[in-house]
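Let's take a walk through this structure together. Have the sequence and the 3D view open while you read.

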Protein chains: 2
Amino acid sequence: MNEVSNFFKSAFSIDNVIFGFDEGDLKVLLIKRGTEPYKGLWALPGDLIYPNEGLETAANRVLLELTGLQKVYLEQVHAFGAVDRHPLGRVITIAYFSLVKISDFVVTPSSFAQKAKWHSVAKAQEQTLAFDHNDILDTCFDALKSKVRVRPVGFELLPPKFTLTELQHLYEAILRTPLDKRNFRKKILSMHLLIDLDEMQEGVPHRPAKLYQFDKKRYHKFEAEGFSFELKESKSKDQKRRIEEIIEG
Amino acid sequence: MNEVSNFFKSAFSIDNVIFGFDEGDLKVLLIKRGTEPYKGLWALPGDLIYPNEGLETAANRVLLELTGLQKVYLEQVHAFGAVDRHPLGRVITIAYFSLVKISDFVVTPSSFAQKAKWHSVAKAQEQTLAFDHNDILDTCFDALKSKVRVRPVGFELLPPKFTLTELQHLYEAILRTPLDKRNFRKKILSMHLLIDLDEMQEGVPHRPAKLYQFDKKRYHKFEAEGFSFELKESKSKDQKRRIEEIIEG
DNA sequence: CTCTCTTAGTGTAAATAGTACGGCAATAAC
DNA sequence: GTTATTGCCGTACTATTTACACTAAGAGAG
C-alpha cells in the first residue's frame, strides 16, 4: 500500500450553507469574495480545516466567526471532491448546513467585516456562485427538504415563540409547495409537540394569532419511544392520474 | 486567508461498506488487515484517493479491485475526520456504501488475493474493527435503513429474478423488524413495480414460488411524475400506548 | 362608531391506506 | 399416501388523509 506521506498534497475545507427564515422566505448567508479566484462572486462561507481540527469543529468555527452564534443546528451533508473544483489545487470540501434564527443576531460589526448578506435561496440558486457552490447549495437545500419531513428541525429557524401560520409558511418555503391551512394545523397539533403559550401576537394590524413553542423535551421522550416525526409528501389528484396512466399502458 | 499550500499535510481516503444479501442475512465485505496498524483486525475495504481521482472514482476503483464489479449501486454517506482517527497521520475518509448482488461474482481469484470475507452485518457490528470502522459501518447501515424506505434500492441486493418471500426477508434483514407477510405482499404489489415473470422457482424442496423482476423503467417513469416510493415505519400498539402516556402525563 | 381590510381559526364527510389475522394449496421427500 | 415445508390469498376494522368555505378578531381610516 502507498505510504500516507506520498499523498500529502491536498487540502480539506468545509463549506457551510447557513439557512435562515425571514419575511416568509428561506434565506442563505453568502459572502462576496474579495480575492481571486472568483473575485466579486458570491460564495458560501467556508475555510480550510486546520491540521488539528475536527470537521464539525471547523464548521462551527466558520459559523461562529461569521455570526457570533454557538450551538446552532449543524449537519454534515456531503463531500465534494471533483479534481478541478478549486483552481489553486486539490481541495476536497465537506459541506454542512446549519439552521439559525435570524432574529438571534443583530448584525454584529465583526460578523459583517467581510461582506456577508442574506439571499433568498431561490434567487441564490439562479445566479452563478463561486467554485461549485451552486452544486453544494442545491445538495444542501435538498437535504434540508428531506430532513424537514422526518425530523422537527424547522423550529431551529423560527424564534422561540411563533404562530402556526409562520410555521406553515416555513414549511411551504422549504418544501416549495402550498399546504392546506386546516390540514396543516390539524396534523401539527395532533403531534402534541407544540406548547400553547396562551399568548397573542402583538403589533400586527389584524387579528392576532396565538403563540406556540416547540416542546423539545417531549420530543426527546417521544424519540426514546421510537416515535417518528413524519410529514408525508402528498400526492395530488393529477399525479395519481398520471401514475394510473403509466400502469395501464 | 491561509494559503492552500500551508495545508498540504493531510490525506484523503475512501472507505466502502459493501453490502450483500445471502442466506436471508445482510452481509458486509471485510478485509483482514495484513499490516500495521490494526494488523489482524477486520477492516472496511478502502484506499487513499489518488491526486487526480474523483471521490466516486476512487470508491468505484476499490470496489472493482475487490469484486471485479462495475456499475454497482454506490452512495456517499459521510465524511469521518476525527483528528486522531488514523495513527499515522491526519486522514479524512469519505464513507460510501454499495449494494451488490453476491451471486454476480463467483469469487474471482484476484478479488480474494487479499483476505476478504463476507460477514453478517449484525456480527460485524458487535466485533472490534480497525480504525473507526465500527462508526462507519453503523452510519452506513443506518443510511441504508433510511434509504430503503424511500427508494427501491433493495433490488440491487437481489438477483434479477426473485420471489416475494426473498424480498420480504431482505427488508426484514435491513429494517431489523418482522413484517406481516400478507400486508407486505399487498403493499409491494400495489406499487406496480414488479413484473410477474410467470416463472417458478426450481429445485426447492417445497411448493415453488413465483419469480418477479423489478420494473426499473416504470420506476423511472413514476419518478418523473413525482411518485415517491414509501415504506412507512409502522407503529405497534405498544408504542402508541406509551406515546399516549407521555401526552397525558 | 362603523366600515373595511386582513389574517386567525374552525369541522366534517368521503376516500384512502394501514392493520390484524387463519386456512387451504402445491410440491418434494420419505 | 402421508408428512413437512413454504406459497398464496381476502376481509373487516381502524386510522389517516384529503378536500373544502365560512365566521371571528383586531387595526386603521374616515
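Start at the DNA: an N or O atom in the side chain of Lys186(B) sits 3.0 Å from a base oxygen of DNA strand D. That makes it a polar contact, meaning a pair of N or O atoms within 3.5 Å; within protein, one must be able to donate a hydrogen and the other to accept it, and residues adjacent in sequence count only if both atoms are side-chain atoms. Here are some contacts of this kind with the bases of strand D.

| Side chain | Base atom of DNA strand D | Distance |
|---|---|---|
| Arg182(A) | nitrogen | 3.2 Å |
| Lys186(A) | oxygen | 2.8 Å |
| Lys186(B) | oxygen | 3.0 Å |

Before going on, keep in mind that this is a predicted model: local features need pLDDT of at least 70, side-chain atom pairs count only at pLDDT 80 or more, and totals for chains, interfaces and linings use all residues. Residues are numbered from 1 along each chain as its sequence is written, chains are lettered from A and ligands numbered from 1 in the order in which they are written, and side-chain values use heavy atoms, leaving out hydrogens and water.

Now zoom out a bit. Strand D is surrounded by 21 residues, and among the closest are Lys186(A), Arg207(A) and Lys181(B). Being near the strand means having a heavy atom within 4 Å of it. Of the strand D atoms that come within 4 Å of the protein, 44% belong to sugar and phosphate. The nearby surface has eleven charged residues, five polar and five nonpolar. For that sorting, Asp, Glu, Lys and Arg are charged; Ala, Val, Leu, Ile, Met, Phe, Trp, Tyr, Cys and Pro are nonpolar; and the others, Gly among them, are polar. Helix 5 (181–190) of chain A and helix 5 (181–190) of chain B each supply at least two residues of this surface.

What about the chains? Chain A has seven helices and nine strands. These are DSSP runs numbered from the N terminus: helices are H or I with at least four residues, strands are E with at least two. A turn of 180 degrees with a shift of 0.0 Å along the axis lays chain B on chain A with an RMSD of 0.1 Å. That is the relation of a two-fold axis. The copies are superposed by least squares on C-alpha atoms of residues with pLDDT of at least 70 in both.

Finally, look at Thr93(B), which lies in strand 6 (residues 91–99) of chain B. Its side chain makes a polar contact of 2.7 Å with that of Ser13(B).
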